[in-house]
Amino acid sequence: MTNIEYFKLQAKNLLKDYKTRHLSEQGDIYEYEPKFFDIVGIFLEYGIMDDDPKFEFSLGNAQHLIAQLVGFNKWDDLIKAPDAEQTQARQILENHESNEYGSTSFVSHNFTEDGREVTFFNHSEQNSDAKYHEELSGKEWQDGIDECYANGMGFPADTIVECLHCGQRFKFGDVKVRRVKAEFNGGVEDDFKEIMCKHYPDCNGNLLDLIPAEMMDNQEVENEK
């Protein structure tokens, strides 16, 4: 398969992932069941807002994104690039693509010699996600909770929340806290602590997926009217 054929295939795969788009059971957000790319992570990274019901994503859009993922401004620049540059770009995708649903996306930025920015997306299966992170406890767990509150986020510890990922309810005070292991962060201890569902690592829901159960129940009542 030539480099250009490979890029065309990846654009088609990205489009296939987009076509799995569907409304959540609550009908408030769009979800995906991708097989090739962490399309949610990519959309977030590039500021692509897909929450409009009229949102459309074509093959041309997919080709444009593939080009940007490997450091080119647009698709035309990629397919007209020298073969050596195309081979390097292909290696970026081959090293970071996933054949399973990438539940976690680690995003890092690098630059080519001529100053083009390249965004890398690493993927891992949900069941193996925990190896990239360490679950915190004790004072470090409390530090994560305190940082959450300091940023005006989270809920009182006794608030019953529902996780949009697994659908289970629990007290917010029972959440778990994790951070990326140093070996996956350039050897640097990561200060960022992420609030996770009580059922992590079996569930990969984070703080944004935790909704007060009372709010969920009120929404169901409104939908029934």
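This is a short talk about one helix and a set of aromatic rings in the structure above.

Okay, hi everyone. Before anything else, keep in mind that this is a predicted model. I've got two topics today, the helix α6 and then the aromatics.

So, α6. It runs over residues 138–150, which makes 13 residues. From first C-alpha to last it reaches 18 Å, close to the 18 Å you'd expect at 1.5 Å a residue.

Which residues of α6 are buried? Those are Gly144, Ile145 and Cys148. Look down the helix axis and the buried residues fall within an arc of 95°, so they line one face of α6. And what covers them? The cover includes two strands, β8 at 176–180 and β9 at 194–196. Now flip to the face turned away from the buried side, and there you find the exposed residues Gly138, Lys139 and Ala150. One more detail before we leave this helix: just after α6, Gly152 takes a positive phi of about 75°.

Right, on to the rings. Searching the whole structure turns up nine aromatic pairs. For anyone who doesn't look at these often, a pair of aromatic rings is described by the distance of the centres and the angle of the planes.

Let's start with Tyr18 and Tyr32. Their ring centres are 6.3 Å apart and the planes sit at 45°, so this pair is tilted. Tyr18 is in helix α1, residues 3–18, while Tyr32 is in the loop between β2 (30–31) and α2 (39–45), so the pair ties together parts that are 14 residues apart in sequence.

Are these two tyrosines buried or exposed? The cut-off for buried is under 20% relative accessible area. Tyr18 comes in at 10%, so it's buried, and Tyr32 is at 8%, so that one counts as buried as well.

Tyr32 has another partner, Phe43, and that pair is edge-to-face, with 6.1 Å centre to centre and 90° between the planes. Phe43 lies in helix α2 and Tyr32 in the loop between β2 and α2, so here the pair ties together parts that are eleven residues apart in sequence. Both Tyr32 and Phe43 are buried.

Now zoom out a little. Ring pairs link Tyr18, Tyr32 and Phe43 with Phe55 and Phe57 into a cluster.

Last one, and this time there's a charge involved. The charged end of Arg21 sits over the ring of Tyr30, 3.6 Å from the ring's centre.

That's all from me, thanks.

Notes: Residues are numbered from 1 along each chain as its sequence is written. This is a predicted model: local features need pLDDT of at least 70, side-chain atom pairs count only at pLDDT 80 or more; totals for chains, interfaces and linings use all residues. Side-chain values use heavy atoms; hydrogens and water are left out. Helices (H or I, at least four residues) and strands (E, at least two) are DSSP runs, numbered from the N terminus. The expected span of a helix is 1.5 Å times one less than its number of residues. Buried means under 20% relative accessible area, exposed over 50%, partly exposed in between (1.4 Å probe, protein chains only). The arc is that of the directions from the helix axis to the C-beta atoms. Contact means heavy atoms within 4.5 Å. Rings of Phe, Tyr and Trp (its six-membered ring) pair if their centres lie within 6.5 Å; planes under 30 degrees apart count as stacked, over 60 as edge-to-face and the rest as tilted. A charge sits over a ring if NZ of Lys or CZ of Arg is within 6 Å of the ring centre and within 35 degrees of the ring normal.
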